[in-house]
Amino acid sequence: MKITKVEKFLAKSGNCKSLVIFLHGYGANGADLISLSEPISNHFPNTVFLSPNAFQPCPGNPMGFQWFPIEWLYGDKSIDVEVEIEESVTHLRNWINSQVTNYGVSPGNTLIVGFSQGTMMALHLATRGMEAFAGVVGFSGKLLKPKELSKKSKVTMPILLVHGTDDEVVPLENLNEASDALLSVGYRTFVHVSKGVGHGIGPDGLSAAIKFMKRFLKD
């Protein structure tokens with residue numbers, strides 16, 4: 001697995017002190033979230049924003065990518081989704097660590113922002129690694145295998161979960177399930193519910209993310 005393209009928004013100050021990495025949703029690409037860099041960068045002039053394409057082309061969408069296949073969409077019983085997820089998370093972790101090194105920052109000055117399937121990747125990565133990232137912001141996603149978080153993690157970080165009440169793709173119940181599981185193993189977990197918002201990012205959700213980032217990302 002290899003990252004083939006990365007959208008970038010460089011630090012407005014020209015001096016990189018922190019990283020924000022966007023993980024897009026199923027069937028999208030890195031360009032989908034990089035537009036969030038402009039409003040966020042007004043508060044973080046020393047931050048570089050990176051938004052990579054996921055590892056795999058998305059079947060049925062020639063312009064889109066997937067972090068892992070969704071088995072039930074295509075009925076391919078030969079796909080071992082659990083293996084695909086673990087491999088993808090491992091490769092993503094290695095790529096993020098390489099960017100941390102390239103830009104001369106630490107994991108503690110690196111924040112991960114995910115949307116939908118990208119949130120699933122971000123939470124899976126954050127709860128199974130040894131890197132203490134500055135935090136995770138997850139929009140419209142879910143925590144994979146929440147019951148596996150049965151003991152307190154050795155490394156924790158603040159996490160913000162944002163979800164719309166009218167999400168027709170990933171139901172709102174996933175927010176409560178993820179929050180309960182994360183809190184139970186020691187993660188500082190915050191939630192924001194966007195009233196009337198579907199499977200997307202509302203202005204209030206973005207404002208909540210910026211407020212969270214101001215608190216935990218050192219710029």
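How many of the six residues of strand S6 (residues 110-115) are buried? The legends below concern a predicted model, and the first of them gives the answer.

**Figure 1. Strand S6 and its two faces.** Six of the six residues of strand S6 are buried, so this strand is largely enclosed by the rest of the structure. Thr-110, Ile-112 and Gly-114 point one way from S6, while Leu-111, Val-113 and Phe-115 point the other way. Residues of both sets are buried.

**Figure 2. The strands paired with S6.** Strand S2 (residues 18-23) runs parallel to S6 and is joined to it by five bridges. Within this pair, Leu-19 stands opposite Thr-110. Strand S7 (residues 135-139) also pairs with S6 in the parallel sense, over five bridges. Here Val-136 of S7 is the bridge partner of Ile-112. Between S6 and S7 the chain passes through helix H5 (residues 117-126), and this β-α-β crossover is right-handed.

**Figure 3. The largest nonpolar core.** This core has 42 residues. Trp-67, Leu-92 and Ile-96 are the residues with the most contacts inside it. At least two residues of the core come from each of S2, strand S3 (47-52), helix H4 (81-103), H5, strand S8 (159-164) and helix H6 (173-184). The element that gives the most is H4, with seven residues. Leaving aside neighbours within four places in sequence, Leu-92 is in contact with Leu-23, Phe-55, Trp-67, Met-121 and Leu-125. Apart from the largest core lies another core, of 23 residues, among them Phe-49, Leu-160, Val-162 and Ile-210. As a general background, nonpolar side chains in soluble globular proteins tend to be buried together.

**Figure 4. Helix H4 and the glycine that follows.** Helix H4 has 23 residues, and the distance from its first C-alpha to its last is 33 Å, close to the 33 Å expected at 1.5 Å a residue. Its buried residues are Val-81, Ile-85, Ser-88, Val-89, Leu-92, Arg-93, Trp-95, Ile-96, Gln-99 and Val-100. Gly-104 follows H4 and has a positive phi, near 70 degrees.

**Figure 5. Helix H6 and its packing.** The twelve residues of H6 should span 16 Å at 1.5 Å a residue, and the 17 Å between the end C-alpha atoms agrees with this expectation. Buried in this helix are Asn-174, Leu-175, Ala-178, Ser-179, Ala-181 and Leu-182. The buried residues of H6 pack against H5, S8 and strand S9 (189-194). Just after the helix, Gly-186 takes a positive phi of about 100 degrees.

**Figure 6. Helix H7 and its packing.** Helix H7 (residues 203-216) has 14 residues and reaches 20 Å from its first C-alpha to its last, close to the 20 Å expected at 1.5 Å a residue. Gly-205, Leu-206, Ala-208, Ala-209, Ile-210, Phe-212, Met-213 and Phe-216 are buried in H7. The packing partners of the buried residues of H7 are S2, helix H2 (37-41), S6, S7, S8 and S9. Ile-210 of this helix is also one of the residues in the core of 23 residues.

**Figure 7. Two serines with positive phi.** Ser-116 has a positive phi of about 55 degrees although it is not a glycine. This serine lies in the loop between S6 and H5. Its relative accessibility is 8%, which is under the 20% limit, so Ser-116 counts as buried. Ser-140, likewise a residue other than glycine, has a positive phi near 50 degrees. Its place is in the loop between S7 and S8. With a relative accessible area of 1%, Ser-140 is buried.

**Figure 8. Pro-62 in strand S5.** Pro-62 is found in strand S5 (residues 61-66). Is this residue buried or exposed? Its relative accessibility is 77%, and a value over 50% means exposed, so Pro-62 counts as exposed. Pro-62 and Ala-28 are 34 residues apart in sequence, and their C-alpha atoms are 9.9 Å apart in space.

**Figure 9. Cysteines Cys-16 and Cys-58.** A disulfide is a covalent bond between the sulfur atoms of two cysteines. The structure holds zero disulfides. Cys-16 counts as partly exposed, at 21% relative accessibility. Cys-58, by contrast, is buried, with a relative accessible area of 7%.

How values were computed
Residues numbered from 1 in each chain as written. Predicted model: local features only at pLDDT ≥ 70, side-chain atom pairs only at ≥ 80, totals over all residues. Heavy atoms only, no water. Buried < 20%, exposed > 50% of the residue type's maximum accessible area, 1.4 Å probe, protein only. Helix = DSSP H or I, 4+ residues; strand = E, 2+ residues; numbered from the N terminus. Pairing = 2+ DSSP bridges. Right-handed = clockwise from strand over helix to strand, strands pointing away. Core = buried A, V, L, I, M, F, W, Y, C linked by side-chain atoms within 4.5 Å. Contact = heavy atoms within 4.5 Å. Expected span 1.5 Å × (residues − 1). Disulfide = S-S within 2.5 Å.
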